[in-house]
Amino acid sequence: LSLRVWPHRGAWAPLNHQQGQSTRQRVAQKGHSRAANTNRRMSRRVVLLGGFGAVLAGFVYGALTAVPRLEPAPGTESLLFFDGVCNLCHGFVNFVANHDDKQHVRFGTIQGHAELMRSKGAGRYAEGGAEALSTLVLIQGDDVFVRSDAALRVAALLPPPAKYLAAFHVLPAPLRDAGYRLVAKYRYTVFGEAESCRLPTERFKSRFIDYEGDEEVAGASWAAAAGGS
């Protein structure tokens with residue numbers, strides 16, 4: 001026979017065997033319930049970690065296989081056209097020029113090369129076109145790439161680690177381009193707009209499409225854009 005205390009009376013009362021067994025069962029059930037909850041939480045964590053690991057592995061694999069596919073055939077010229085009065089575009093061009101040691105990419109402003117862009121099949125994005133000044137334009141041979149596709153294909157031409165930025169090409173194009181359009185829409189507000197196109201430095205002169213070895217011609221595309229600004 002066991003004894004238990006009635007808190008409200010402060011008295012001892014007998015606790016029979018059946019009641020004691022029931023109390024022990026409730027305690028055991030609570031312990032089992034806590035253990036089951038802990039196991040469920042651990043299982044969910046394992047599933048989440050496993051899912052994250054699978055996504056990460058897929059991204060890495062896609063990156064390693066996708067980046068080489070973004071590179072053009074050997075000998076293909078890469079022409080990158082950009083908004084000549086956009087500070088963000090200037091920053092991107094500077095980044096590419098600083099990292100493109102082998103000089104795969106040549107530059108030109110959209111404002112200064114409307115005729116050339118039309119001749120290459122990119123008239124829609126040239127000045128006066130339906131989508132003028134709305135995107136970077138990359139022309140590689142007969143192919144025209146715009147928005148995130150253009151930026152990531154340029155990244156694929158750079159040496160590591162900058163090259164690995166092209167890994168984001170594994171993301172769905174609608175998702176990539178939605179982000180690109182959002183940045184492009186507010187680029188002047190956030191990054192500012194130059195009053196005129198700045199002439200390239202000595203280091204950049206040979207990287208421009210209309211460079212002919214003459215300093216007067218080296219900045220022609222920028223000057224043309226400035227005249228139309």
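What is the accessible surface of the chain, and what share belongs to carbon and sulfur atoms? The accessible surface comes to about 14,000 Å², and 58% of this belongs to carbon and sulfur atoms. The model shown in these figures is predicted.

**Figure 1. The whole chain has eight helices and six strands.** From start to end of the sequence, these elements follow the pattern β-β-α-β-α-β-α-β-β-α-α-α-α-α. The chain has 229 residues, and 35% of them are buried. Among contacts with a separation of 6 or more, 59% are between residues 24 or more positions apart in the sequence.

**Figure 2. The largest nonpolar core has 22 residues.** Within this core, the residues with the most contacts are Leu80, Phe82, Val105, Phe107 and Leu136. Two or more residues each are given to the core by β3 (78–82), α2 (87–99), β4 (105–109), α4 (147–155) and α5 (173–185). The largest share is that of α2, with four residues. Another core, of twelve residues, lies apart from this one, and its members include Leu79, Phe81, Ala114 and Ile139.

**Figure 3. β3 and β4 run parallel.** Five bridges join the two strands. Leu80 stands opposite Phe107 of β4, and both residues are among those with the most contacts inside the largest nonpolar core. Four of the five residues of β4 are buried, which leaves this strand mostly covered. In a regular strand, side chains alternate between the two faces of the sheet. Residues of β3 can be compared with this rule: Leu80 and Phe82 belong to the largest core, whereas Leu79 and Phe81 belong to the other core.

**Figure 4. β3, α2 and β4 form a right-handed β-α-β unit.** Each of these three elements gives two or more residues to the largest nonpolar core. The loop between α2 and β4 holds Asp100, the subject of the next view.

**Figure 5. Asp100 lies in the loop between α2 and β4.** Is Asp100 buried or exposed? The relative accessible area of Asp100 is 2%, and the cut-off for a buried residue is under 20%, so Asp100 counts as buried. Which backbone atom does the side chain of Asp100 reach? The side chain of Asp100 reaches the backbone nitrogen of His104, at 2.8 Å. When neighbours within four places in sequence are left aside, Asp100 is in contact with Val105, Leu157, Leu158 and Arg207. Of these, Val105 is also one of the residues with the most contacts inside the largest nonpolar core.

Note on methods:
Residues are numbered from 1 along each chain as its sequence is written. This is a predicted model: local features need pLDDT of at least 70, side-chain atom pairs count only at pLDDT 80 or more; totals for chains, interfaces and linings use all residues. Side-chain values use heavy atoms; hydrogens and water are left out. Buried means under 20% relative accessible area, exposed over 50%, partly exposed in between (1.4 Å probe, protein chains only). Contact means heavy atoms within 4.5 Å. Accessible areas come from the Shrake-Rupley method with a 1.4 Å probe; for residues, only the protein chains shown count as cover. A nonpolar core is a set of buried Ala, Val, Leu, Ile, Met, Phe, Trp, Tyr and Cys residues joined through side-chain atoms within 4.5 Å. A polar contact is a pair of N or O atoms within 3.5 Å; within protein, one must be able to donate a hydrogen and the other to accept it, and residues adjacent in sequence count only if both atoms are side-chain atoms. Two strands pair if DSSP finds at least two bridges between them. A crossover is right-handed if, with the strands pointing away from the viewer, the path from the first strand over the helix to the second runs clockwise.
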